[in-house]
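Here are a few exercises to work through with a viewer open. Try each task yourself before reading its solution.

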Amino acid sequence: MGPSLLNITIGIAILAAIFAVLQWLWPSVPNQKTIRPGMLSDLGYFLLTPLITRNLTRISVALALIPVAWIYGTDLQGLTQGHGVVGAQSLTMQAIQIVVISDFLRYWVHRWFHTGWLWRVHAIHHSSQTMDWLASVRVHPINDVVPALLTVPPLIIAGYNPAAVAAFLPFLTFYAIMIHANLRWDYGPLRFVLASPVFHRWHHTKLAEGQDKNFAGLFPLWDLLFGTFYMPRRQPTDFGVDDPVPGHIFGQLIYPFLSSKR
Ligand SMILES: [Zn+2]
């Protein structure tokens with residue numbers, strides 16, 4: 001289940017090559033170093049996420065759905081093949097709806113992760129002081145499991161066939177990596193339609209002006225609707241957090257469970 005070490009290594013090499021060119025042609029922060037603090041940790045997440053975290057997430061979602069399948073009088077496979085009027089739509093229609101609905105749900109889950117104890121988990125993702133494509137993968141397993149638990153089961157219970165988005169998953173993953181990259185793209189008039197690197201990099205600034213802004217992963221519409229849209233005609237700077245997040249992956253993995261009084 002999931003990619004092999006070889007697949008992952010090839011993936012890193014391809015992404016490194018693509019973003020080396022893009023970040024050189026259109027940098028947001030000019031002359032940013034490729035070799036930077038936290039790079040080894042982030043490469044660690046590049047292994048941890050596909051090899052371990054994603055399996056934890058799949059198992060958690062399956063466990064959450066078992067009682068639901070039982071109520072429906074089916075097995076997990078039956079439940080996840082789509083049902084009712086929702087599941088009777090074409091896979092394309094379902095895919096479009098799944099992408100929009102899950103982006104909406106994820107907007108609110110992301111806002112929730114900016115509060116209370118969940119911020120201790122999410123602060124790890126925000127702790128990179130140098131923002132590039134590789135910083136995107138610094139995500140604590142809880143920050144993967146909880147959003148999936150709150151977005152995937154509701155869609156499956158509603159009747160969607162998750163296979164509808166399977167074809168788009170590589171693109172969606174690439175897109176999530178891209179909006180963290182050191183790119184000055186703001187998409188001009190489309191800035192309000194689609195999350196750009198400038199849009200998401202403002203979410204990562206330490207500056208007060210960008211705090212708790214731009215939570216959307218794909219559609220800034222949610223930020224426009226709920227008053228969290230922020231996109232001045234400047235490039236964002238000063239990334240990171242004031243929280244004492246350790247620089248090393250192992251420290252980061254236990255960080256949410258350490259006493260906050262230290
Ligand atoms: Zn965030």
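The exercises below go from the whole chain to single residues.

This is a predicted model, in which local features need pLDDT of at least 70, side-chain atom pairs count only at pLDDT 80 or more, and totals for chains, interfaces and linings use all residues. Residues are numbered from 1 along each chain as its sequence is written.

**Exercise 1. Find the secondary structure and overall dimensions of the protein chain.**

Step 1: Count the elements. There are twelve helices and zero strands (DSSP runs, H or I of at least four residues for helices, E of at least two for strands, numbered from the N terminus).

Step 2: Check the dimensions. The radius of gyration, taken over C-alpha atoms, is 19 Å, close to the 18 Å of the globule rule for 262 residues, so the chain is as compact as a globular protein of that length. That rule is 2.2 Å times the number of residues to the power 0.38. The C-alpha trace spans about 60 × 45 × 40 Å along its principal axes.

Step 3: Look at confidence. The average pLDDT (the predictor's confidence in each residue, from 0 to 100) is 94, and 98% of the residues score at least 70. Helix H3 (residues 76-79) is lowest with a mean of 87, while helix H11 (residues 221-225) is highest at 98.

**Exercise 2. Compare the expected span of helix H2 (residues 39-72) with its end-to-end distance, then look for a kink.**

Step 1: Use 1.5 Å times one less than the number of residues. For the 34 residues of H2 this gives 50 Å, and the end C-alpha atoms lie 47 Å apart, which agrees.

Step 2: Locate the kink. A kink of about 50 degrees sits at Thr-49, shortly before Pro-50; the bend is the angle between axes fitted to the seven residues ending at a residue and the seven starting there.

Step 3: Find the buried side. Ser-41, Tyr-45 and Thr-53 are the buried residues of H2 (buried: 20 or more other C-beta atoms within 10 Å; exposed: 12 or fewer; partly exposed in between; C-beta atoms placed from the backbone). They pack against helix H7 (142-158) and helix H12 (249-254).

Step 4: Step past the end. Gly-73, just after H2, takes a positive phi of about 70 degrees.

**Exercise 3. Which residues have the most contacts inside the largest nonpolar core?**

Step 1: Recall the term: a set of buried Ala, Val, Leu, Ile, Met, Phe, Trp, Tyr and Cys residues joined through C-beta atoms within 7 Å.

Step 2: Rank the members. The core has 21 residues, and Trp-133, Ala-181, Ala-195 and Ala-216 have the most contacts inside it. Helix H10 (residues 197-203) gives the most to this core, with three residues.

Step 3: Follow one member. Beyond its neighbours within four places in sequence, Ala-195 has contacts (C-beta atoms, placed from the backbone, within 7 Å) that include Ile-179, His-200 and Phe-219.

**Exercise 4. Is Arg-138 buried or exposed, and which residues does it contact?**

Step 1: Place the residue. Arg-138 is in the loop between helix H6 (116-126) and H7.

Step 2: Count neighbours. Arg-138 is buried because 23 other C-beta atoms lie within 10 Å.

Step 3: List partners. Leaving aside neighbours within four places in sequence, Arg-138 contacts Asp-42, Tyr-45, Ile-124, His-125 and Ser-128. Ile-249 is 111 residues away in sequence, with a C-alpha to C-alpha distance of 8.6 Å.

How values were computed:
Two residues are in contact if their C-beta atoms, placed from the backbone, lie within 7 Å.
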